[in-house]
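Thanks for making the time this morning. I would like to walk through one model with you, chain by chain, and then come to where the chains meet.

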Amino acid sequence: MTMDMNTRTEKRGISLGSRAKHTWTLIKNEKSLYIMIIPVLLYYIIFCYIPMGGAIISFKHFSPAQGLWNSPWVGFQWFEEFFRSPYFARTFTNTLRISLATILFGFPAPILFALLINELHGTKFKRIVQTLSYMPHFVSLVVTCGMVIEFTRYNGVITQVLGIFGFPQKTMLQEPNLFMPVYVISGIWQEVGWGSIIYLSALVGIDQQLYEAARIDGAGRIRQTINITLPCLLPTIIIMLILRIGGLMNVGFEKIILLYNDAVMSKADVISSYVYRKGLLEANWSYSTAVGLFNGLINCILLISANTITRKFADTKLW
Amino acid sequence: MGLEYTKNEKIFNYFNKAFLTALLFVIAYPLYYILMVSFSEPMRHMAHQGILWNPLGFTFDSYKTVLQNSMIGIGYRNTIVIVIVGVALNLTLTSFGAYFLSRPRAVFQKQVMWIIVFTMFFSGGLIPFYLLVRELGLYDTLWSLILPNAIGTFNLIIMRTAFMCIPYSLEESAKMDGAGHFTILWRIVMPLSLPTVAVIILYYGVHHWNAWFNAIIFIKNRNLYPLQLVLREILIVNDTASMTSGGNAADTQMVSETIKYSTMVIATFPILCLYPFLQKYFVKGIMIGAVKG
């Protein structure tokens, strides 16, 4: 087998041939190292790359009986169908609305939280705050949504407490306009503490001398925060923001599926939950794959643009 | 550090503490409330308005009802199987990948890294994934919850970062003594990065424990339901009827309320009780990831 490979590469020139040969000896000498990577690559090929290739059914009229290869091509039919359907406007706006609200409120929350915790200088209280605020992260999504549904029912504890301030005693998750606030606030409850860890670890790395110098110059706490802490946090914030924007169209649909119901569908249905319903509940394989692919492409474009913009203006980048 | 606070700073500290205390209350109280309701008498809970400080009455009745439900036991059993087998597989494959990527001068390393990282940004989507798992014959088996989650790319990168911190000379001397790569990995690299390995085990474990979506699309046989799917039936789909057979409708409604809270406690508190002991490891893991970022 090696002979065969050598004769073939030799035709393309000595250097290439000897390089391939060199590579091959390197691999042969450390066989076990390369055996190790085989199952890993197999995993990625089977469970990540084959589905990527399988996304081709969005250009076909796929039916399991005919199989992937024999199903007929239909071009962009499914995409057109989606863009023309009333669901396009609905799911697209809902995705953007819920996602932007999550970024607007959910993204700064852990940063502010980290800044406040950071001001508690090494006290026991600081430890308690951290320990307790990380806890909701470990509550499973199903239980969290169960809690949300119970608490926001017309006789639930949150509705009752808000009732003191004149809030109507209605089941919140039956009100289309309340779906997004409930979704965003429960998300902040679950992740604010956990999300602050990454910023806290960046804060630990700031040189304390900077603060001392600022104090000598008479800078107060707020000045120190604006002129020292925030600039030092900026690279972390930007990286997190790029990642967040790249996932803009990936609204946590698992949570939406758990929380929504017919009454709030008009404001709660997002692209990915629509893909789930169309594909897995109604078995419109090709159509829903097309919708999912559309969603994935927007994400890719967003991620690349966010990265390019920050690379140009802030000199911070993901790659 | 001999910090002396000015008057303004003292006022700031005071407000900061007050604000964080209020925030902490909002974060922690829902969990406390669940615990309190789970011990309450259904009747009194129905009549109660607003927040709770102690259980209304004290009874284990709703816990008894929950534990009599065979599905909870089945769910726990399946989840434990998934966590143990899943984490074992996760750890094996993740350490293989991380080891390969952390070697200096391995051939094709860059290409392999790209293949792996690319999957973080683009995927084929839900439907092709679903059809693939069906095609592989994993449908309605516990393997459908284990194999497709065999590697978490982020965890792989964290582990690689940790492996790269180990001085290479240690491995070279082991190699001189005739140790192969598998031996170096298990005997030298893994023990030396034990804190990170612990973090990764915990991350994977929690992930398997909390996962429910793959189960809802792949598992139809009720005997294979993981815990989260059982919870979903009780908490979201609102199916407590099987547990509260007998009695009139109003009774059932009342009992089912407290049953839900006991179910949440039974499903969540094992992890929450374990968690304060594990906390420092979790946090360390995020920090390692952050250093990389």
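**Two helical chains and their contact**

What I am showing is a predicted model, and I will start with chain B, which contains 14 helices and 0 strands, so to speak an unbroken run of α elements from the N terminus on. Of the 293 residues in chain B, 35% are buried. If we take the contacts in chain B with a separation of 6 or more, 74% of them are between residues 24 or more positions apart.

The domain assignment divides chain B into domain 1, which is made up of residues 7-68 together with 240-292, and domain 2, which covers residues 70-224. The C-alpha centres of these two domains of chain B are 32 Å apart.

Turning to chain A, we find 17 helices and, once again, 0 strands. The radius of gyration of chain A is 26 Å, whereas the globule rule gives 20 Å for 319 residues, and chain A is therefore more spread out than a compact globule. In keeping with that topic, the C-alpha trace of chain A spans about 80 × 60 × 35 Å along its principal axes. Buried residues account for 33% of the 319 in chain A, and among its contacts between residues at least 6 apart in sequence, 62% join residues at least 24 apart.

Chain A is also assigned two domains, with domain 1 at residues 2-59 and domain 2 at residues 77-313, and the centres of the two, taken over C-alpha atoms, are separated by 41 Å.

One element of chain A deserves a moment, namely helix 16, residues 271-281, where 8 of the 11 residues are buried, so that this helix is largely enclosed by the rest of the structure. Those buried residues include Tyr274(A), Val275(A) and Tyr276(A), but also Lys278(A) and Gly279(A). Just after helix 16 of chain A comes Ala283(A), which takes a positive phi of about 60°.

Now to the place where the chains meet: how many residues does each chain bring to the contact? Chain A brings 72 residues and chain B brings 73. On the chain A side, helix 3, residues 31-54, gives the most, with 15 residues. By character, the residues of that side of chain A divide into 49 nonpolar, 18 polar and 5 charged.

The largest nonpolar core has 105 residues, and those with the most contacts inside it come from both chains: Val142(A), Val143(A) and Val291(A), along with Tyr99(B), Ala215(B) and Leu231(B). Helix 4 of chain B, residues 70-102, gives the most to this core, with 9 residues. Looking at Ala215(B) and leaving aside its neighbours within four places in sequence, we see contacts with Leu145(B), Tyr225(B), Pro226(B), Gln228(B) and Leu229(B). Apart from the largest core lies another, of 12 residues, among them Ile117(A), Ile198(A), Tyr199(A) and Ala202(A).

Finally, a word on confidence in chain A, where the average pLDDT is 85 and 92% of the residues score at least 70. Within chain A, the highest confidence is in helix 3, at 93, and the lowest is in helix 1, residues 2-10, at a mean of 46. The pLDDT is below 50 over residues 1-12 of chain A, although this stretch has 9 contacts in the model beyond near neighbours in sequence. Where pLDDT is low, the predicted coordinates should not be read in detail.

Key. Residues are numbered from 1 along each chain as its sequence is written. Chains are lettered from A and ligands numbered from 1 in the order in which they are written. This is a predicted model: local features need pLDDT of at least 70, side-chain atom pairs count only at pLDDT 80 or more; totals for chains, interfaces and linings use all residues. Helices (H or I, at least four residues) and strands (E, at least two) are DSSP runs, numbered from the N terminus. A residue is buried if 20 or more other C-beta atoms lie within 10 Å of its own, exposed if 12 or fewer, and partly exposed in between; C-beta atoms are placed from the backbone. Two residues are in contact if their C-beta atoms, placed from the backbone, lie within 7 Å. Domain bounds come from an automatic or database domain assignment. Ala, Val, Leu, Ile, Met, Phe, Trp, Tyr, Cys and Pro count as nonpolar, Asp, Glu, Lys and Arg as charged, and the others, Gly among them, as polar. The radius of gyration is taken over C-alpha atoms; the globule rule is 2.2 Å times the number of residues to the power 0.38. A nonpolar core is a set of buried Ala, Val, Leu, Ile, Met, Phe, Trp, Tyr and Cys residues joined through C-beta atoms within 7 Å. pLDDT is the predictor's confidence in each residue, from 0 to 100.
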